[in-house]
Amino acid sequence: MTHAMQKGSNIPVTAVAVRAVLRWTGGPEVPDVDASALLVGPDGRVRSDEDFVFYNQPRHPSGAVWRLGKKQIGDAVTDAVQADLRAVPAAVDRVLVVASAEDVPFQRVQDLRILLYDATATGGSEPLAFFDVRPETGAETALICGELYRRGEGWKFRALGEGYSDGLVGLATDHGISVDENAAEAAQGAEQAAASGTAPAAGPTAEQTAAMPAPTPPGPLAPPTQAPPAVQPAYGYPQPVSPAPVPGQGGDPAFRLPVQGPQFIRR
């Protein structure tokens, strides 16, 4: 039986693995919504940045939680995360299922719903539960749609719909993620300038050039003593996404975040 949930309600989860699907109605004026997950302890905070599963880090090192990616089903668009509850580390008390919308308010997202499925079921199984997520103000740019949480030896799912007006950055910071906001903003600004065709900053005027001291003539060039250092790729560019791991297997270190924290630069 499928449970139609209200905000704050909960249901027991007997399945050993579940799939949380975010679904909404797409359209030309509808922002792109991303699903992500945070694995938090009893204090509501992550143990490290690796406990954040999002578009630049698509699976947890434990192999317990990973993203499944987007699908178009008629007019609807979905994005999903999957969790093998047997593999969730013992120190993790809750798995938060999050929706974010690229700094666009959720009042422009139509028919947002979270559906919870038994990931071990085959065929066209009915969802275990669904919850229609309605932002309280409409200005939210990130929402905790629901959470899987431990209760005794088992698990439960709670419908939440808690919003953040400062987006995924604010939500992540509130749960203990170390966010490198300056690097993210600088990269996003460069991308936006390139997309809009913004001209580079103008050089000095003729008067300023005339007032500058004459350059010193260069001396003879010395022979190179060593090879130039290799250029290191900057973090934040699209990374290759591996297929979803077999539940229970470890994560891929290629998707681990740098020490300065995640940069929310979308692929």
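Two residues are said to be in contact when heavy atoms of one lie within 4.5 Å of heavy atoms of the other. In this predicted model, Leu116 is in contact, leaving aside its neighbours within four places in sequence, with Val13, Val18, Arg19, Ala20, Pro127, Leu128, Ala129, Leu148 and Phe157.

## A buried leucine and its strand

Leu116 belongs to strand β10, which covers residues 110–118. With a relative accessible area of 1%, Leu116 is buried, because a residue counts as buried when that value is under 20%. One of the contacts of Leu116 is Pro127, and although 11 residues separate Leu116 from Pro127 in sequence, their C-alpha atoms are 5.6 Å apart in space.

Asp111 is also found in strand β10, but its surroundings can be described in other terms: Asp111 is exposed, with a relative accessible area of 54%. The backbone at Asp111 has a positive phi of about 60 degrees, although Asp111 is not a glycine.

## The chain as a whole

The chain has 267 residues, of which 41% are buried, and its secondary structure comes to 3 helices and 13 strands. If one takes the contacts in the chain with a separation of 6 or more, 72% of them are accounted for by residues 24 or more positions apart. The accessible surface of the chain comes to about 14600 Å², and carbon and sulfur atoms hold 54% of this area.

## The six-stranded sheet and helix α1

Strands of a sheet pair through backbone hydrogen bonds, and the pairing may be either parallel or antiparallel. In this chain, an open sheet of 6 strands follows the order β2-β13-β12-β9-β4-β5, with antiparallel pairing. Which strands stand at the edges of the sheet? They are β2 (10–13) and β5 (52–53), and because each has a single partner strand, one side of each is left without a neighbour in the sheet. Further inside the order given above, strand β4 (residues 34–40) and strand β9 (residues 94–100) run antiparallel and are joined by 7 bridges. Within this pair, Val40 stands opposite Arg94 in β9.

Helix α1, made of residues 167–174, packs on the sheet and touches β4, β5, β9, β12 (142–151) and β13 (154–164), while its direction makes about 30 degrees with that of β12. The buried residues in α1 are Gly167, Leu168, Gly170, Leu171 and Ala172, and what covers them includes β4, β5, β9, β12 and β13. Just after α1, Gly176 takes a positive phi of about 95 degrees.

## Salt bridges

A search of the whole structure finds 11 salt bridges. The table lists some of them, with the distance between the closest N and O atoms.

| Acidic residue | Basic residue | Closest N and O atoms |
|---|---|---|
| Asp34 | Lys70 | 2.7 Å |
| Asp132 | Arg113 | 2.6 Å |
| Glu147 | Arg158 | 2.3 Å |

The salt bridge between Asp34 and Lys70 links distant parts of the chain, since Asp34 is in strand β4 and Lys70 is in the loop between β6 (65–67) and β7 (71–73), 36 residues apart. Is Asp34 buried or exposed? At 2% relative accessibility Asp34 counts as buried, whereas Lys70, with a relative accessible area of 33%, is partly exposed. Both residues also belong to a network of salt bridges that links Asp32, Asp34, Arg67, Lys70 and Asp79.

The salt bridge between Asp132 and Arg113 joins two strands: Asp132 lies in strand β11 (residues 129–132) and Arg113 in strand β10, so the pair ties together parts that are 19 residues apart in sequence. Asp132 is partly exposed, at 24% relative accessibility.

The salt bridge between Arg158 and Glu147 brings the account back to strands of the sheet, because Arg158 lies in strand β13 and Glu147 in strand β12, so that the pair ties together parts 11 residues apart in sequence. Here Arg158 is partly exposed, with a relative accessible area of 22%, while Glu147 counts as buried, at 3% relative accessibility.

Notes: Residues numbered from 1 in each chain as written. Predicted model: local features only at pLDDT ≥ 70, side-chain atom pairs only at ≥ 80, totals over all residues. Heavy atoms only, no water. Helix = DSSP H or I, 4+ residues; strand = E, 2+ residues; numbered from the N terminus. Buried < 20%, exposed > 50% of the residue type's maximum accessible area, 1.4 Å probe, protein only. Areas by Shrake-Rupley, 256 points an atom, 1.4 Å probe, with all protein chains shown as cover. Pairing = 2+ DSSP bridges. Axes fitted to C-alpha atoms, helices over the stretch in contact; angles between N-to-C directions. Salt bridge = Lys/Arg side-chain N within 4 Å of Asp/Glu carboxyl O.
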